[in-house]
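Here is a short briefing for a reader who is new to this structure. Start with the sequence and the model, then work through the topics below.

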Amino acid sequence: MANYLLNKRVSLVLLILLLNINYAFSQGIKYNGNLSPSEGLIKTQEKPYRDEICINGKWDFQPIAVPESWKKGKGVPPELPLPENNKWESIKIKIPSPWNVNTWGAGSKVGKGTRLPFSPGSIYYPSYPESWENVKMAWLKKTFNLPLTWSGKEIIIHFEAIAGDAVVLINGHEAGKNFDNYLPFEIDISSLVKNGVENTIMVGIRDRKLFDISNEKYEYMQATYPPGSTTDNLIGIWQDVFIEALPPIRISNIFAKPDVDKDKLEFEVELINHSSKKQLLNINGQIKEWVNQAKTDNIASAEIKWDLGKSAITLDRQAVLVEAGATKKITLSTTVDKRLKYWSPKEPNLYTAIFDITVNGKKNDIKTERFGWRSFTIKGKDFYLNKEKIQCFGDLQHPFGPYICSRRFAWAWYKMIKDVGGNSVRPHAQPWPRVYYDLADEMGLMVLDETALFGSSIRLNFEENITWKRAGDQVDKLILRDRNHPSVIGWSIGNELFAIALLNKPKADVSKKWDERIIELGKRPRLIDPTRQFVTSDGDRDMDGSLPVWSKHFGHGLNLNQLPDIDKPLVVGESGATYYGKPKELYPFVGLKAYGTYYNRNEALAIDLYQNVVKMAKPLLSWFSPSEICWFGIEHLNLGYHDYTRLPNIKDGIFPGQDYKEGQPGYQFERIPPYVTTFNPGLDPKLPLYKPLPMFNAMKDALANDQSKPSKWDHNQDTTSALPKLPQPLYKEVYLIGDPAGNVARLLDSIGIKYSTKKKSPFTIIDASTVSRSTKEKNIGEMISSEDDKKTTWIIARDSIGLSNASSILSLGINCQPFSSTALSEYKQSEVGKYFNARTLYFSEMEGDNAIVKYTFSIKNPASIEPIFKPAFTDWALFNGVDENRKCAQIVLYEHLDKVGGLSMVKLKQGKSAFILSSIDYTIINSQSLSFWRKLAGSMRIDYKPAEVKNKAEHRKKHDLLLDGPTSN
């Protein structure tokens, strides 16, 4: 028994102190490879007609203050003045990265002070000043040189993505503007640059939120642009920057249009003639196999290494006359006749189309485009891939931090999906970096491609016309970027747009107007991409029949009654209680386990998921995805941190083992913190690629071909939790030692326990915090004595003072230590503990102060001890109602930590007498705590008055989609 009481580990409070004062045992790991393998835009086959330089690297940075007189929410942003020569920051910013990158993930600022000690740190660039995090406007500057060999070429600057309203200056002259966060844009800077000399680029950026328009009628409405999810706050150049040299007469765009049903392959080719005269262009085309030469072992598979194989098809030459300064589209087509292999999830065969232009017998340009030979169609209720019926089972993910910009993590996610038996993915809530679609092509995953029109953010301002224009522009640009990816099988114009009406509660005619505009957005994809029929607004059903598929998001339980009987495919894009489910929601699946550990909680999610896959998805759906296997179905990982006697600090994590390189595509992180992700793509040799939880295993079982065998997830576990009936009361009155106006007396009054401060009783309660010095010096034995030798004394403490006094009263060595817990665990062998279970000892959702324990204790050399309660192993207050980006990591870290030992309540026997000591906080007085105290009193046979039933109006808080889960709307 002494093992329960001896504290041989470090106190949690000391761990928190170590956060700021002790880095001596930090365990950061250096990774010597490229953290984010990337390649440029110009392919080897396109040279020497095309060329590029990457101008990623260290840029100068100058914050610009927002004037104090500026008023937000008016839709009129502050002016962006030009930078001043002497005000550039001494620290350079590393492009690509937003300047507020260290806020992405919204974790704790470990090493810089925090109130969220268990939250994953979001410091990826420790060199960036904290002052950058609140900057709303700034200038970035870099110099570059162009080769003399680029003479006669058109010079294009290409940004993969800038977050914010951007203006680009080249050598002091404005070159162009862009307003977006997610998609590429290009500017012709030919007239503004010179070859062979130093040129200067400056990019001025304003936060998109400076353009918000607050609506007087609808309190949530602000954003006049597609905001995205968890990237809404980013500002800066957060993806690659290239300068390209292109021939004035060239191929500007290629659109591959495979039609398997008709055995026809068509290419729409756009030609540009920027010469001074009309030109006759001869276009040649051939198709070659695209061969992935990356190694096949787990980690090296994320590297980029490919070549082109043998020629499969040669297209007929075509000649076309293009006017000077004009653009012209032509179509080249051929029958395939089995010369190409299908692209599919099982066999993701890829090809590259190579087109060249010859002018006056001289080759002038080459452009390539990768594609796949496949058709994805809709027939009635079903999806068909290459003429065969197919069901899509996959995953989705929010972009929870900068790590998502690494190809290694993209590969790891897709590898997990394939391992679980999935074949599909929805990069969620905004356009993701291009690598996600490239890898889906290569690995064989069907992609539902989505815009940043994220209704669940609630910020969208549907009352402003500019919002709808920007949304439409993004739909168009997304399709133009991604329509050649064979993996992309459909377009999602937005996510849960119903939420705007749900929470703003407009009149019916206003809501109808918004729906009409959503329907208009849903028509745009087919205008730009006639090859794909699959268009949805994910989670918004089919918008009164206007969309070709029906799509809904479900919470927990089997929602078969919500599926319509219609002749179109049914899609459930999100399912489960993963992010919002509290023990009461998960109890029906696993009983009291729902109150247990993070793993136990996941067992409930697993059972729910298995039933949804087997009983709903497989027989009835065309697309099904749980709500984030990659975030809730596998465990968050302690990258570069393995010492659980302390909290992580700024020196833990994965660090680059290579020197920083100028002009290298991709992110060059200064650090990847622990617990920000569930994947370890070879960065920490002590950890696997991922750690499956029950939810992962249940999905894998459910998708297995042979389901004749029983699965541990195919049935709900025992949910019986009957407790023994409380014994008949023995003590009608207790003897109270302590301040009759103190908090213990207040508690007894609230419970309805009769007590006296003069009349002795066989049951004594001592308020350990208010026992006077003179009282302690008296003979305690005399004070609590009675004619009955079977005496019970309950010493009630809650803090170090009370526990110190208890030590004197009992003449025992009692050690106490700060430890906050919102739940207790019972010892069933205890006479008191047997009347409790996890439900009755759960306070994590209690209003106000829910830390039912502030201190625990241990006793040296106890004579005879019976433990009753101890702090729970898991603190659900770290998960319930907490933002999705940190809730899982917090609770996993908390469970990993070597926490303080000790007890919260114990019984010690001395002869026929018994002493009970508790450190449970008795100052918390509310209905839930009083229910516990009454039960506790009853278990010790103390008489009390039942609680009065009061008819109080139930308080209902506003529903939060991101914390409270889906609604039936």
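## Helices α3 and α4

From α3, Arg 407, Ala 410, Trp 411, Trp 413, Tyr 414, Lys 415 and Lys 418 make contact with Val 435, Tyr 436, Leu 439, Ala 440, Glu 442 and Met 443 of α4. By type, the residues of this contact are nine nonpolar, no polar and four charged. The model is predicted.

- Helix α3 covers residues 407–420, and its axis comes within 10 Å of the axis of α4.
- The two axes cross at roughly 40°. That angle falls between the 35 degrees that bounds roughly parallel and the 65 degrees where roughly perpendicular begins, so α3 is oblique to α4.
- The crossing of α3 and α4 is right-handed.
- A loop runs between β24 (424–427) and α4 (435–443), and Ala 429 is found there.
- Ala 429 is not a glycine, yet its phi is positive, at about 75°.
- Is Ala 429 buried or exposed? Its relative accessibility is 0%, so Ala 429 counts as buried, the cut-off being under 20%.

## Helices α8 and α9

- Helix α8 spans residues 583–590, and helix α9 spans residues 598–620.
- Their axes come within 9 Å and cross at roughly 65°.
- Angles of 65 to 115 degrees count as roughly perpendicular, and α8 and α9 are therefore roughly perpendicular to each other.
- The crossing of α8 past α9 is left-handed.
- Which residues meet in this pair? On the α8 side they are Leu 586, Phe 589 and Val 590. On the α9 side they are Asn 600, Arg 601, Glu 603, Ala 604, Leu 605, Ile 607, Asp 608 and Gln 611.
- The contact of α8 with α9 divides into six nonpolar, two polar and three charged residues.
- Helix α8 is mostly covered, with six of its eight residues buried.
- Those buried residues are Pro 583, Glu 585, Leu 586, Tyr 587, Phe 589 and Val 590. The buried residues of α8 pack against α9.
- Gly 591 comes just after α8 and takes a positive phi of about 65°.

## Helix α16

- Helix α16 runs over residues 884–896 and has 13 residues.
- How far does α16 reach, and what span is expected? From first C-alpha to last it reaches 19 Å, close to the 18 Å expected at 1.5 Å a residue.
- Twelve of the 13 residues of α16 are buried, so this helix is largely enclosed by the rest of the structure.
- The buried residues of α16 include charged ones by type, among them Glu 884, Arg 886, Lys 887 and Glu 895.
- Nonpolar residues are also buried in α16, including Cys 888, Ala 889, Ile 891, Val 892, Leu 893 and Tyr 894.
- Asn 885 and Gln 890 of α16 are buried as well.

## Cis peptide bonds

- Lys 47 and Pro 48 are joined by a cis peptide bond, with omega about 10°.
- Pro 48 lies in the loop between β1 (29–31) and β2 (51–54).
- Ile 95 and Pro 96 are also joined by a cis peptide bond, with omega about 10°.
- Pro 96 sits in the loop between β4 (93–95) and β5 (137–145).

## Other loop residues

- Thr 230 is in the loop between β10 (198–206) and β11 (236–237).
- Phi of Thr 230 is near 65°, a positive value in a residue other than glycine.
- Thr 230 is partly exposed, at 30% relative accessible area.
- Gly 196 belongs to the loop between β9 (185–188) and β10.
- With 45% relative accessibility, Gly 196 counts as partly exposed.
- Leaving out residues up to four places away in sequence, Gly 196 touches Asn 145, Leu 146 and Leu 148.
- Gly 196 and Leu 146 are 50 residues apart along the chain, and their C-alpha atoms are separated by 5.6 Å.
- Lys 912 is in the loop between β40 (905–910) and β41 (913–918).
- Is Lys 912 buried or exposed? At 59% relative accessibility, Lys 912 counts as exposed.
- Lys 912 and Lys 790 are 122 residues apart along the chain, with 5.2 Å separating their C-alpha atoms.

Technical notes: Residues numbered from 1 in each chain as written. Predicted model: local features only at pLDDT ≥ 70, side-chain atom pairs only at ≥ 80, totals over all residues. Heavy atoms only, no water. Helix = DSSP H or I, 4+ residues; strand = E, 2+ residues; numbered from the N terminus. Expected span 1.5 Å × (residues − 1). Buried < 20%, exposed > 50% of the residue type's maximum accessible area, 1.4 Å probe, protein only. Axes fitted to C-alpha atoms, helices over the stretch in contact; angles between N-to-C directions. Parallel < 35°, antiparallel > 145°, perpendicular 65-115°, else oblique. Left-handed = near helix turned anticlockwise from the far one by under 90°. Contact = heavy atoms within 4.5 Å.
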